Structure formats: structure tokens, C-alpha cells
Amino acid sequence: MRILRRLSAGALGAACLAALLSGTSAQAAGPADDGQGQVVWLRSSAPVDVPLGSDYPSFLKTHRSAVIVEQLQTSETPSVPEPSSPADEQKIALENGATYVADSGDAAADRRIRDARALTKEQCRARSDAHSAVGKVINHFSFCRWGYNTAVKLSGQGAVEGMVRFRETEIGTGSGQIRDATIEVHTDQVVSSGKFNDAAIMSFYVGQAGWPSASSCRVTDISSNPFTTTVGDWRDEYIAYGLVSTKGTGTGPDDIATCVYQHSWKVTGGGATTPWSVGPASGIRFDSSVSLGSKYYAQGVIFDRVIPTFSYDRAQNDTAGVANHIYDALYRPQTTYPSKTGKVIPGDIWSGKAPLHRNWGRYDAAADTTEKRNRSAKDAACRGLNRPDPSYQCDEFPFASTKEGAGVGDGNFSVRYVPGTENSRAGTELSEWYGSDRILHGDQYGMSVS
């Protein structure tokens, strides 16, 4: 299948090489201002070249105002991140505030996966929103992050004795078919000097932590571990590896497992050795779903530190009635029925409101109860409305397929009669999106209407 490769720009068909292993938890680095013979790792949004002999604390103070610079944590042994449960991952997604808008249907889903596979390092680097530690989850199947890593060797007086700087670009691709993600790492713009010149040795390492057990996620396609070569050899390099979860290593009906992974680097040269840098962490989720229906693949892997958003268009004639209903529910709840003072209907995460959570009635007894309560409360509310004619159906928002539906009992919902054909079509689009974007029972998502 895939193999972890190290490929020079002029040798893209070369033999397979690789680098990944496990280690221990990270420790915080000492303050940069101490400068007493330290080796410091930095991560920045633009090149930070520290001249030999310069006073490091003064240099850093000057450049912090010009570019985004942070001092990385370090570890004497390769770092392994803490495992993260699905609940932890959803909390991180909320804190990150990351979202994207997804269209419904198989064609749209195929396009998301196709675009993920075609993402280039140049396209990733062109995204200004991808150079942060969080990176950019483009959609459930596509992730990119880039940034500059800089190792600086200081004398006992805080003067710079050596430096190596390089740009690291990460591209992640999920799957709607298998429990196997691909992570690519590209390095370029290498600058070295002093003790950390081109002849110095630099090593690359990937640490990962699976949940609910360590065996729930593993790194694959390894040929050497860690991968080590000279600084000069890292110019315009490419490495790819897999993160895989075996079916049966997850939990619950959907066999859910998660994986947190991160990259670390180490440099040795001129009698000096850096500790391992502790790079930013990312998360993915594996599943072998029973809640997506037979139409969709029964397993997959997504980048889950994001809240996807589903969208309806009021100009789309075959769902216009539903789109207008949801528009009022999200943005003008005071105009919706049943009336309630201070009504706040969830779903508009773009405005800071709470997300929705999918409820699949056949997941377990609690989910079945939630679905029945939603439909019962919706039907009761609909009896207070006039039905234009028998072709109309009573539409509800939040959907009956959410934990936030009418059955919650707080009055923060809306019902309205809409043409039955439009209601059916809108329901089909939502169901197709659940399947194609792997929205499992309990997953959070947002809504928007244009």
C-alpha cells in the first residue's frame, strides 16, 4: 500500500526510507532569556534567521513583534502525546472554533475526498490560516499545517553559536473507505550555520497515542525509526506515513477510536545536541460505523478537530420551504412558532450558538427515547398550526435526528408547514450528508442558510 518515503527533489523514485518511533512525555523548555548554554527550539510563521554571535534575548524581543514566534516545549526523549477521547476531541473542536461548510450528496462527498487527495504543499502553504499550531482542517478528509522550526545553540553568555531553520509542511488525508489516514511531511528552506551547519545530523520522529487503548492507533510504513540524516539532506524532502486503526480496537456500536499524533525534531553537531522539540499535536477519529446506512462505506477516518456545517440554500427551489424555515429559526427565532420569550435555537455556530448533535434512534435505548420524544413534541406543536392542504408536511427545527429537538422540552425549537416534496428532499439531503461526511451518533455540527 503506502510506504514511508524520504525523497530528495531530484530522486523522487528512490528507495523507501522512514522515521517514526515512540517516547515519553514532553517537558517544558527553560526560559529563552536565560541563555546560559541553552539550545532553544522556536516555531514561527515566517523565517527567523538568528545571526551567529548575536545576543539571542535581544534578537527574540525584536522579532516577536514582527512575526508569530513561540518557544516550543522540549523533551530529552521523543515525546508521546496524551490520548484523547471522542468527547475530548469535540471539546477541542469547540475551543478551536474551526468549521467548514459541506454540501450534501455523494458528488459533493466524492469531491471533498478527491480534493483532499489532490492537495499540494504549495496550496497548503498558500493558506494563511494553516500556519498556526492548530493548523487547518479543510474538511473531515483534509488537513494542512505549515510553519518554520528553528533550533538555536547559545553560549553561556547567550550568544548564538549555531542555528538551523527549516519550513515544515504537513498534509493529512482521511478516508471514507478504510481506517487508514495518510500524513505527508515536506521540508524546505533549510538554513544552517555554526555548530548546526549542513554536516550536522537532524532526526525526525512521530509520536502517537491511541484511544480507547494504545493499540487503537499505530504508525505504519516504517523502515527506520527514527529517520536520521544530515541537515543538508533535509533540503526539499518528502516523508509519508500512515496512521491505522484495526477494526475491533474501538468502542461502542460504531467501533470508534481516536489518535493524537505529533512530530519531533533533534539536531546534533559541533559537540552540541538539542533536546527533542515537541511539535503541535493533531487528532483523527476512526470508525466502523453502523449508523451511516448500507449506502456508505462501513469504515473510515476523519480529522475530527472541527465542527462541520451543513447548509441549505433558499434559492434552491426543491428545498426552499425548509431553507426559509431554518433561516428564520436560526436568525429570527422570535418570529417562529411556538412563541417563546427569549427563544434561542441552537445550530448557528458562526454566531457563537451551541452546535447540534446527531441522534440516531437505533443506536441504543436512550437514542430511541430521544427520537420518540422529539417526534411527539413536534406533533403536539404542529396541532396548533393551520395546514394549507394535505400535500404539506410539518417541518421541525432542530431536526428530529438531533439531541436538541423539540423533545428537549425547553421551547427552543420551531415548527412550520412546508410543501411535502420539499420537506422530503431536504430530509434526504441531510441524511446523505450524515453518511457522506461520516456524521455519527453524538457528533456535533452547525447549520447555515444562504
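Me: Buried means under 20% relative accessible area, exposed over 50%, and partly exposed in between (1.4 Å probe, protein chains only). What is the relative accessible area of Arg-127?
Reply: This is a predicted model: local features need pLDDT of at least 70, side-chain atom pairs count only at pLDDT 80 or more, and totals for chains, interfaces and linings use all residues. Residues are numbered from 1 along each chain as its sequence is written, and side-chain values use heavy atoms, with hydrogens and water left out. Arg-127 counts as partly exposed because its relative accessible area is 27%.

Me: Which residue forms a salt bridge with Arg-127?
Reply: A salt bridge is a side-chain nitrogen of Lys or Arg within 4 Å of a carboxyl oxygen of Asp or Glu. The closest N and O atoms of the Arg-127 pair are 3.2 Å apart. The partner is partly exposed because its relative accessibility is 35%. The partner of Arg-127 is Asp-129.

Me: How many residues apart are Asp-188 and Arg-167?
Reply: Asp-188 counts as buried because its relative accessibility is 13%, and Arg-167 is buried because its relative accessible area is 12%. They form a salt bridge in which the closest N and O atoms are 2.6 Å apart. The pair links distant parts of the chain, Asp-188 in strand β8 (residues 180-194) and Arg-167 in strand β7 (residues 160-173), at a separation of 21 residues.

Me: Where does Arg-305 lie, the residue paired with Glu-89?
Reply: Helices (H or I, at least four residues) and strands (E, at least two) are DSSP runs, numbered from the N terminus. Both Glu-89 and Arg-305 are buried, and their side chains meet in a salt bridge (3.0 Å, N to O). This pair also links distant parts of the chain, 216 residues apart: Glu-89 sits in helix α2 (residues 86-96), while Arg-305 is in the loop between β17 (300-302) and β18 (307-312).

Me: How many salt bridges are found in the whole structure?
Reply: Beyond isolated pairs there is a network of salt bridges, which links Arg-285, Asp-287, Arg-438 and Asp-443. A search of the whole structure gives a salt-bridge count of 21.

Me: Which side chain of opposite charge is nearest to Asp-348?
Reply: Asp-348 is in the loop between α5 (320-331) and β19 (356-357). Asp-348 is buried yet has no salt bridge. Lys and Arg count as positive and Asp and Glu as negative, with His and the chain ends not counted. The nearest side chain of opposite charge is 4.7 Å away and belongs to Lys-353.

Me: Asp-236 and Asp-255 both have a positive phi; is Asp-255 buried or exposed?
Reply: Neither residue is a glycine; phi is about 55° at Asp-236 and about 50° at Asp-255. Asp-236 lies in the loop between β11 (227-230) and β12 (237-244), and is partly exposed because its relative accessible area is 37%. Asp-255 is in the loop between β12 and β13 (257-269). With a relative accessible area of 9%, Asp-255 is buried.

Me: What is omega at the cis peptide bond between Phe-397 and Pro-398?
Reply: Most peptide bonds are trans. One cis bond joins Trp-211 and Pro-212, with omega about 15°, and Pro-212 lies in the loop between β9 (201-211) and β10 (218-220). Pro-398 is in the loop between β20 (392-397) and β21 (414-419). For the cis bond joining Phe-397 and Pro-398, omega is about 0°.
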